[in-house]
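Please open the model in a viewer and follow the selections below in order. Each stop names what to select and then states what is found there.

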Amino acid sequence: NLHVIFHLCLDTKDDGDTPLSLHSALMAGLRNILCTCERYDVAKLFLPIHLMYPAAVTGTGVTTETRISNTAILRRVNVVLRCIKAFLVENSMRPPNLRTFHFLLPNRGDDFLRHCKAHLFHIFPCDTQQT
């Protein structure tokens, strides 16, 4: 197996309260990573679902001591998932190379996990009756 590591550099001024949109530079970088995965037959992608430096989320970093609210992180999660969905829809006419996404979640408790799951199933609806 071959492993590829992508580094998506963030602006150090991004403290998590900055609104993230589908047209931001961060989302353009994510789209470039997705396109590269598709082009070079990368089958799995591990991705922090909020696209933030871990210290900003936990408040334990050297660069920032702020604690980001769950609401602010969930807004970022929503934009990241919508970006991935848009990429998948745009490329749905050909067989996908990138088949598996592993989302890495911050350790924010069960309530946060439930909200992330709700966002995921809202953006990527599926029929739970199928086996």
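Select helix H1 (residues 25-39) and helix H3 (residues 70-90) in this predicted model. Their axes come within 10 Å and cross at roughly 40°. H1 and H3 are therefore oblique to each other, an angle under 35 degrees being required for roughly parallel. The crossing in which H1 passes H3 is right-handed.

Next, display the side chains at this contact. On H1, select Leu26, Met27, Leu30, Arg31, Leu34, Cys35 and Glu38; on H3, select Arg76, Val79, Val80, Cys83, Ile84 and Phe87. Coloured by class, the residues of the contact of H1 with H3 comprise ten nonpolar and three charged, with no polar residue.

Keep H3 selected and add helix H4 (residues 110-123). The axes of H3 and H4 also come within 10 Å, and they cross at roughly 25°. That angle makes H3 roughly parallel to H4. H3 passes H4 in a right-handed crossing.

Which residues of H3 and H4 meet? From H3, select Asn70, Ile73, Leu74, Val77, Asn78, Leu81, Arg82 and Lys85. Their counterparts in H4 are Phe112, His115, Cys116, His119, Leu120, His122 and Ile123. The contact of H3 with H4 contains eight nonpolar, five polar and two charged residues.

Now move to the loop between H1 and strand S1 (44-48), and select aspartate 41. Is aspartate 41 buried or exposed? At 54% relative accessibility, aspartate 41 counts as exposed, the threshold for that class being over 50%. Its backbone also deserves inspection: phi of aspartate 41 is near 60°, a positive value in a residue other than glycine.

Continue to the loop between S1 and helix H2 (54-58), where histidine 50 is found. Histidine 50 has 5% relative accessibility and counts as buried, since buried means under 20% relative accessible area. Add proline 106 to the selection: 56 residues separate histidine 50 and proline 106 along the chain, yet their C-alpha atoms are 8.4 Å apart.

The final stop is an aromatic pair. A pair of aromatic rings is described by the distance of the centres and the angle of the planes. The count for this model comes to one aromatic pair. Select phenylalanine 101 and phenylalanine 103, which form a stacked pair at 6.0 Å centre to centre, with 5° between the planes. Phenylalanine 103 is partly exposed, with a relative accessible area of 23%.

How values were computed
Residues numbered from 1 in each chain as written. Predicted model: local features only at pLDDT ≥ 70, side-chain atom pairs only at ≥ 80, totals over all residues. Heavy atoms only, no water. Axes fitted to C-alpha atoms, helices over the stretch in contact; angles between N-to-C directions. Helix = DSSP H or I, 4+ residues; strand = E, 2+ residues; numbered from the N terminus. Parallel < 35°, antiparallel > 145°, perpendicular 65-115°, else oblique. Left-handed = near helix turned anticlockwise from the far one by under 90°. Contact = heavy atoms within 4.5 Å. Nonpolar A, V, L, I, M, F, W, Y, C, P; charged D, E, K, R; others polar. Phe/Tyr/Trp six-rings, centres within 6.5 Å; stacked < 30°, edge-to-face > 60°. Buried < 20%, exposed > 50% of the residue type's maximum accessible area, 1.4 Å probe, protein only.
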